[in-house]
Amino acid sequence: MIGSSLSLEWAPSPSEPYAVSAGYLGGQLMRVSLGSGRPRPSRREPPIRPLWSGWGARLGEDRALRYLLLAPTVLLLLAFTLYPYLYALRISFYAFQYGRPTVFIGLTNYERMLADQTFWQSMARTLLFSLVVVLVELVLGLVLALLANREIRFRGAIRTALMQPMVLAPVVVAIVWRLLYNQESGLLNYILDNILHLGRASWLGDPKLAFLSIVILDVWQWTPFMFLVLLAGLQSIPVELYEAAHVDGATGLQVLGYITLPLLNPTILVGLLVRTVDALRMFDQVFLLTQGGPGTTTEFISLFLYKTAFKFSQMGYASALLLVLFVVTIVIALFYIRLLGRSGTVER
Amino acid sequence: MAATRFRLIRMMQNVLTYLILGLAVLVALFPLYWMVVSSFKTQVELFSVPPTLLPLRPTWEGYVDLFVNRKFGQSLLNSLIVVGTSLIVSMVTGSLAAYSLSRFRLPWKLNGILGFWILSTRMLPPIVTIVPLFLILQALHLVNTYAGLSLVYVVFNLPFVVWMMRSFFQEIPTDLEEAGMVDGASRLGALWHVVLPLVRPGLAATAIFVIIDTYNEFLFALILTSTPEVMTMPVAAAALVGRIHVQWGAMTAGGTVAMLPILLFAFLMQRHLVRGLTLGAVK
């Protein structure tokens, strides 16, 4: 889903000759700095204004204003993100009857989760899926970005073309791939059978293939994201460094290993962070194409959660599940943020 | 001799570069082209071997089925209403908060804490809030209403708007509005007359991302809407992606119609994307 992203601004500071920054991240253009809010060097305390402009009165106005402007956002977020989490925590200790949390059952939901094979399998499947797609997308995106960063024509056009898959609605992506994967008339099977003579595959119906099919779809949609982020990172590396390396007689591989990749490291980490957090919640396309099937071969944790909550109406158990997903996501995100902090370019 | 060999290697590299990038573009775009073409094919032609690259006898059947029998127009209208409402509310609320965060120093390091908290709400899987949100909205009788879904989208978009707009505000020197205030404008007057015109590209870029995000959103829409009168486009289109009996014409037509506005916005965003990249790249 596009909406989910985090990117980091490598906060510019006078000591750094350049700043990798801004990115087209998560389908979003955004700049982010961790531990934000520190005033920039360029910003000063407002100068004391002459009395005739009534600065005393205005100062009072500002003091109230700063909270007034923040209040609606903070209240909305408190009411609809923080409160839901607390509510979920509460109802995870209850059993549900007639759509209401009625009976306090302590840790029963969590005990059940520990013993629930389906839960562990879907969790493992989700982690495996995230790992595979993120790595494949990183490698493909990096290769494409390195190529597009050469002195080539049509770079703008290539970028425009490649960004199309990732702005599409998941439902459109599902329709596109429903068509391609179709067993009788799908294009992929036509190529497999009539051109390569390998026979037809049941892409979404074969338990051995379904997981791979979802991986392919995800790689198709999100490799462009890695490509755009990494290309932006590459283009912010100063040309002088390459020129210096060239003068020193460095080979292409040396330039890649000693200049490009180390300087690209923070960008790579941001890309990995955003994509991993995103892949962990894979839901839409799986829901639309396989519903977790055949069997449970594509049942990721979010789908399992959805079924528990809205198909089997076990809201208490679902709440326990979602809190675990919450914790897993935070742990993984913090791991990357830690790495980013260590890579030294992030203001903390 | 060495020079020609060097030139030859260079040329080979270039050919390979264009070949791989060209292949990537083909892989990215052909499936979309395929969906659009398929939407104009008859049921018979869809199953023809070999497949045709252009429809031999173009037909509107799929679109007729989509709009007349399945009332897809209503879902698009619903999407328009929900996206529009949540866009306006989240842009206004979020921009004001972002202005405050970027201009005022709050006590107790609140700038940093609020900034990080707002960002973190964005990172978490939406499915995590869906169960409690559903129960809360149910209690408020807001399930399956425009208001309920719009409200959820406002909350969903706010962190993004705050984060984006804050960075845009930070790029505008405070001297300008201070000058305005010395000239007698109030803080809000300076915000309106001085800052807002300068931050317009940022507002546009943010708004486009919000539009795309909200229009595409599936999970909340799936759970919070249930009747055709309220159902947004993704949910209505999802009904077309049957798993056994697929109406290929209606499905591909639906995909094409759903894709068009996004392609338009993505094209608009392209300009802001480049602008955003250069704005932030070297400071």
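**Notebook: chain B and its contact with chain A**

I began with the contact between the two chains, to which chain B gives 119 residues and chain A gives 113 residues. I note here that the model is a predicted one.

Next I looked up the area, keeping in mind that the size of an interface is often given as the accessible area lost when the parts come together. For chain B and chain A, I found that about 10,600 Å² is buried between them, and that 74% of this area lies on carbon and sulfur atoms.

I then asked which element of chain B supplies the largest share of the side that touches chain A. I found that helix α12 of chain B, residues 248–281, does so with 18 residues. When I sorted the residues on that side of chain B by type, I had 82 nonpolar, 26 polar and 11 charged.

For specific pairings across the contact, I counted eight residue pairs in polar contact between chain B and chain A, with both residues at pLDDT 80 or more, whereas the count of salt bridges between the chains came to zero.

Turning to chain B by itself, I listed 12 helices and zero strands, so that reading from the N terminus I wrote down α for each element in turn.

I also checked how much of chain B is covered, and I recorded that 57% of its 283 residues are buried. The area that chain B exposes is about 12,600 Å², of which carbon and sulfur atoms supply 73%.

Last, I took the contacts in chain B between residues at least 6 apart in sequence, and I noted that 74% of them join residues at least 24 apart.

Definitions and conventions
Residues numbered from 1 in each chain as written. Chains lettered and ligands numbered in written order. Predicted model: local features only at pLDDT ≥ 70, side-chain atom pairs only at ≥ 80, totals over all residues. Heavy atoms only, no water. Contact = heavy atoms within 4.5 Å. Buried area = accessible area lost by both parts, 1.4 Å probe. Salt bridge = Lys/Arg side-chain N within 4 Å of Asp/Glu carboxyl O. Polar contact = N/O pair within 3.5 Å; in protein donor to acceptor, adjacent residues only side chain to side chain. Helix = DSSP H or I, 4+ residues; strand = E, 2+ residues; numbered from the N terminus. Nonpolar A, V, L, I, M, F, W, Y, C, P; charged D, E, K, R; others polar. Buried < 20%, exposed > 50% of the residue type's maximum accessible area, 1.4 Å probe, protein only. Areas by Shrake-Rupley, 256 points an atom, 1.4 Å probe, with all protein chains shown as cover.
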